[in-house]
Amino acid sequence: MTMIRFEDILDKVEAYKPDFDEELLQKAYIFSAREHRGQVRSSGEPYLIHPLNVAYILADMRLDETSIAVGLLHDVLEDTLTTKEKLHEIFGVDVAELVDGVTKISRYAYVSKEEQQAETFRKMLLAMVSDLRVVLVKLADRLHNMRTLQYLPEEKRLSVATETLEIYAPIANRLGMGRIKSELEDLSLRYLHPRDFEELEKAVDEKLSISGDVVGRIKATLAKKLKENEIEGDVTGRVKSLYSIWSKMRRQEIDIGQLYDYLAFRIIASNVKDCYASLGIIHQMWRPVPGRIKDYIAMPKPNFYQSLHTTVVAERGQPFEVQIRTREMELVAEQGIAAHWKYKEGRVGASSDDASFLWLRQLVEWQNEIKDPRVFMNSLKIDLYPDEVYTFTPKGDVFAFPRGATPLDFAYRIHTDVGNRCVGVRVNGKLVPLRTPLKNGDIVEIMTGATQTPSREWVNMVVTSRARHKIRHWLNAEQKNRSIELGRKLIEKEAKKYRVQWRKLIAENALDGVMTEYGLPRLEDLYADVGYGKVSARSVVERFVTEEQKEKGTTDEGVIQAAVRKIFPFTSSPAAIKVKGYDDLMTYLAKCCNPLPGEKIVGYVTRGKGVAIHSSNCPNVKNLMFNPDREIAVEWADQRQSQFQVEMEIVIEDRQGILARVVSAISNLKTNIRQMETRSGDGKATIEAILEIADLKHLEKVTRSLSSVDGVVRVDRKYNIKHATA
């Protein structure tokens, strides 16, 4: 990697802005060098190399001096003793606010890394609304960190690469910054799936060498045809990004040998008319692939992207993609928001009348309603997913949704009440089920009913976080109301047994001590905890019971617990679960995910059954059941040797001998196969197997071994979402 010098940054800025404020950059460089003096990166290089590279990336985006100064200073609040007040004093309010906006939330202020991560992103989103330069600096920071990721320990590498792929690359995509998005994705793939990355890189190189100068030939043919038709346009050819090829292979479940569509060509025309004329010429020369023609010029993507796309098949059967756009569209496609964002004095943000940033304001508005860090991060990932399906109201208003969205997503986009009262839907004039996926161009009409309310199944029918959050909010409120009523009845019944005047205790504020002990602000919260099963009614009431009343009172709680234990398989062994802060809560492993010792687990209080123990990755926790009020902290208390049944799905090429190799790979690790079924079709076979697994490390070992078998396309752990424990 080329060593970046401060002079290189000055030269880069001067090339596009000759009258730039050199004094500001000099001052920021000297300050950063002084504050980071003596600090080194994991690579052993002086720390200053990082801010210099970040500033150079920002200059490459042709950003203003303030952004580049922030690039030089972006780590001083996090990694040195510098204060925000000092930055304000030396560099002014803009620089101080921007540096603060890109600074992580301190870990010590929060309970978990999950909460720290969620609060950091929440802070960044809020800062983005007032000044989008915050996220541009953050993307440049992340890009350089990804370019030097090899120097970090493996666990940290995987964590940073995962966060990059799930959050930063989608943010770059939503801002239309295609070049940065592609590099972040490719770098993430290199570290998250190193074997796949190396094999794919090698395969693409081999295909290019075998097919000869196919890129040059197609490029020359395109240029010649454009010239013959008097169309001015530059033609470029390239191999698609490795991540986009890898994603397509995973999506279509094909292996490298079946990979053909890996070339992409771009025509940069002088105007929109020539773009459409070029498309017609290409379709006359080569046969277009049905369903692969997309017009993003007439219907731009929400991230401002405009282009014509088509996939055609050349004479030798080589498919390739052609993108056609103008120079202005090319600039926006590569640099997105950074290409046309005009900086003015003072704060720079998304103005209320700018429809281009409506998604950002809505994103912040929705995410501010979500308090739980896990729900926040999952919702953020969903919201950053690229919008691909365009639908219409009967009046002609356009709504864009992620692929797979349903009429329920549409209903909640219109208004929360419309979603909550949705009873049916007409798509293109026909009645369809609520779970029907919407398609491009659908005209959607929502029907509502005054008595309709959301059902639990709706959570799995929607894909947008707004709809999911609104449904959960209604269900949680309804559930809490029922639990409050149940808890109140249980306490009053228990108080009656012991002849405790409960209403009098409430009137005299005698419950304040109990509330403080349980950390609950209101009496309704105490009732809710009793109703959920977190707190027993007896433990609350007996604080106010005299010895005489105890002798007269009776309880059948022991009888009830004994009866419940006969019905439900609670875990006392082989792998005991410890419920933090409670000694006597019954627990059982949820059948939908069968969590393994060593993996993160979540406790979920279920009325009358005890605590269901789920894997934190269980789809039921993520999508269907998750309610923060019913979550309870749990951990593995005993890791004695035992076996757990885990369902696996293995997709293989349908060829002779591969099943034997799969079985051999499993048995070589002394892993018992309890059950195995196979089904085949389209040159692929799917194996569904139930294996006996000791713990998470054992599962990871089996997964790695199976993935290394020649002919295995994909190995996944299956979760049975039909076995939801509510």
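**Cores, a buried arginine and an open sheet**

Good morning. I begin with helix H4, whose buried residues are Glu65, Thr66, Ser67, Ile68, Ala69, Val70, Gly71, Leu72 and Leu73. The helix spans residues 65-73, and 9 of its 9 residues are buried. Please bear in mind throughout that this is a predicted model.

Two of those H4 residues lead us to the interior. The largest nonpolar core has 69 residues, and Ile68 and Leu73 are among those with the most contacts inside it, together with Ile9, Leu87, Val135, Leu139 and Met177. Which helix gives the most to this core? It is helix H9, residues 133-147, with 8 residues. Leucine 139, setting aside neighbours within four places in sequence, is in contact with Tyr168, Ile171, Ala172, Leu175, Met177 and Leu184. Apart from the largest core lies another, of 52 residues, including Tyr498, Met515, Val634 and Ile693. As a general remark, nonpolar side chains in soluble globular proteins tend to be buried together.

Tyr498 brings me to valine 541, since Tyr498 is one of the residues that valine 541 touches; the others are Ile491, Glu494, Ala495 and Val500, not counting residues up to four places away in sequence. Valine 541 belongs to helix H26, residues 537-541. Is this valine buried or exposed? With a relative accessible area of 0%, it is buried. Valine 541 and glutamate 494 are separated by 47 residues in sequence, yet their C-alpha atoms are 6.8 Å apart in space.

I turn next to a charged residue, arginine 266, in strand E2, residues 263-269. Why does arginine 266 count as buried? Because its relative accessibility is 11%, and the cut-off for buried is under 20%. Its side chain makes polar contacts with the side chain of glutamine 323, at 3.3 Å, and with that of glutamate 330, at 3.4 Å. Beyond four places in sequence, the contacts of arginine 266 also include Asp234, Arg325 and Glu334.

Finally, the sheet. Here 4 strands form an open, antiparallel arrangement in the order E19-E20-E18-E21. The edge strands are E19 (673-681) and E21 (712-717), each pairing on one side only. Neighbouring strands are turned by 15° against each other on average, direction ignored. Inside the sheet, E18 (residues 644-653) and E20 (residues 684-693) pair in the antiparallel sense over 10 bridges, and isoleucine 652 stands opposite alanine 685 in E20. Helix H30, residues 658-667, lies across E18, E19, E20 and E21, running at about 155° to E19.

Thank you for your attention.

Definitions and conventions. Residues are numbered from 1 along each chain as its sequence is written. This is a predicted model: local features need pLDDT of at least 70, side-chain atom pairs count only at pLDDT 80 or more; totals for chains, interfaces and linings use all residues. Side-chain values use heavy atoms; hydrogens and water are left out. Helices (H or I, at least four residues) and strands (E, at least two) are DSSP runs, numbered from the N terminus. Buried means under 20% relative accessible area, exposed over 50%, partly exposed in between (1.4 Å probe, protein chains only). Contact means heavy atoms within 4.5 Å. A nonpolar core is a set of buried Ala, Val, Leu, Ile, Met, Phe, Trp, Tyr and Cys residues joined through side-chain atoms within 4.5 Å. A polar contact is a pair of N or O atoms within 3.5 Å; within protein, one must be able to donate a hydrogen and the other to accept it, and residues adjacent in sequence count only if both atoms are side-chain atoms. Two strands pair if DSSP finds at least two bridges between them. Axes are lines fitted to C-alpha atoms, for helices over the stretch in contact, and angles run from 0 to 180 degrees between N-to-C directions.
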